[in-house]
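Hi,

Here is the structure I promised to pass on. Have a look at it first, and my notes on what turned up follow underneath.

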Amino acid sequence: MTKSKSKKLCLATTYNGTMLFYREMCTILRRNGWNVTLLAGGELEKFKSYQFCSDRQVFVPQLVRKPKPLIDFLCLCRLLVFFVFNRFDLVYVASPKAGLLVNLAARLTGHRVLYSIIGRAYEDFKGPKRAVYTLMERVSCLCARRVVAITPSLCQAILKDKCCPAKKLTQIHLRPGRQEELARFDPAQYSREQVEELRARYNVPLDATLLLFVGRLCRDKGVRELVKAFVELQKTNENLYLIMVGKDDDPNRLMGEQTWNELENNARIIRTGLMPREAVPLFYCACDIFVCPTYREARSAVGIEAARLERPVVLTDAVGARDSLIDGQTGIMVPTRQVEPLVAALQRLIDSPQLRRQMGRAGRQFVLDTIKRTPDAVIVNFIETVAGVAPRGQEYRFDA
């Protein structure tokens, strides 16, 4: 009996840390007969750790996030050679820079390409710089057989900028959370004693109002505006604290010396550094208000996590982030880059524990009702349809 030929997928991304979000998808595909190759730049040691969810790993150090013309040209040449000698049923590209270089190389060598837009680095750019990045996105979409986005507002933004025709664009979530991870975001899993112990560990009084931020500490996450808002709120709220969970990601100190001075010297601002994923849910449970004034997102995963644990959220109206709450019901939406509306929203929640509880309960229900895990069978069917290997008559219906 002849053994059936294995279907081959190449998952490509600029920063290999992004692979973390796709490990479950890779596991699902491998269980269904797919051979998965991971291709990425980033940190070599971290890249090696993804062997458990793939059959092969290809590290491309020239694949970097920021535009570097000479390095990008060399990277494109290397990718062209790679795809000439390595054939795949589908090349799945999951980051903007890879979207340009990998999409081009894969398309020029006759591969089918699936491009996942998981965020737009140029979301808040203006003028010629935005025009250049929009053109790059259009080229990336042109090279792809199918383009996917995970939120309605991201789909709308893509269409508005004419990056991709509507017939090629699909809204679907191909990054399913693992069941054990989803189970962690249940408030019933955490006791009052655990919350008290965490607050005591960081010297936050039990009667204090605690704000929480989870994410990279950088300008794009709105940290500069958050710090300014917190300093303003401290003037009238003596028992107010802010915990920031995430790594410092501002090597050039673009947030400004004033912001960094507060981060390093304000006794009520507590930076934990990067924490293990399994440790983060308890921080949500220990806080009173979750806040993330980000400039751009594919979808605010942290906002959804906070809501799942019954915490009111303050998010911006940025593309992607706005899909993670119902303004006035599960949290409060504020404009990006503006401090005064952020101060007003936080003060409103600080003043009303009842409103916080009401929004928290509504937020959990909103997430349970609307944020669904994509079934394994749907993910496999979608991938196989784009790759052209789905059983005849069982193809994914893009118009459904």
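On one side of α14, Q354 and R361 are exposed (over 50% relative accessible area, with under 20% called buried and anything in between partly exposed, using a 1.4 Å probe and protein chains only). The other side holds L355, R356, M359, G360, G363, R364, F366 and V367, which are buried. Those buried residues share a side of α14 because they cover an arc of only 165° around the axis, the arc being that of the directions from the helix axis to the C-beta atoms. They pack against β11 (289-292), α12 (301-308), β13 (331-334) and α13 (339-351); contact here means heavy atoms within 4.5 Å. Helices (H or I, at least four residues) and strands (E, at least two) are DSSP runs, numbered from the N terminus.

Before you go further: this is a predicted model, where local features need pLDDT of at least 70 and side-chain atom pairs count only at pLDDT 80 or more, while totals for chains, interfaces and linings use all residues. Residues are numbered from 1 along each chain as its sequence is written, and side-chain values use heavy atoms, with hydrogens and water left out.

Back to the helices. The 18 residues of α14 should span 26 Å at 1.5 Å a residue, and its end C-alpha atoms are indeed 26 Å apart; the expected span is 1.5 Å times one less than the number of residues. Its packing partner α13 has 13 residues and reaches 18 Å from first C-alpha to last, close to the 18 Å expected. Buried in α13 are L342, V343, A345, L346, Q347, L349 and I350.

Some of those turn up again around L233, which lies in helix α9 (residues 223-234). L233 counts as buried because its relative accessibility is 1%. Not counting residues up to four places away in sequence, L233 touches L240, V343, L346, Q347 and I350.

α14 also matters for the second largest pocket, where it gives the most to the lining, with 4 residues. A pocket here is an open set of points on a 1 Å grid over the protein atoms alone, where a 1.4 Å probe fits, with protein on both sides within 12 Å along at least five of seven lines; lining residues have an atom within 4 Å of a point. This one holds about 420 Å³ of space, a volume being the space filled by probe spheres set on the points, which are joined across faces, edges and corners. Of its 20 lining residues, C285, C287, D288, R311 and R357 lie nearest the centre. The lining divides into 10 nonpolar, 1 polar and 9 charged residues (Ala, Val, Leu, Ile, Met, Phe, Trp, Tyr, Cys and Pro are nonpolar; Asp, Glu, Lys and Arg charged; the others, Gly among them, polar).

Two loop residues have unusual backbones, given that most residues other than glycine have a negative phi. K162, in the loop between α6 (152-160) and β7 (169-171), has a positive phi of about 55° and is exposed at 66%. N203, in the loop between α8 and β8 (209-214), has a phi near 55° and is exposed at 63%.

Lastly, N103 in helix α4 (residues 96-108) is buried, with a relative accessible area of 0%.

Cheers
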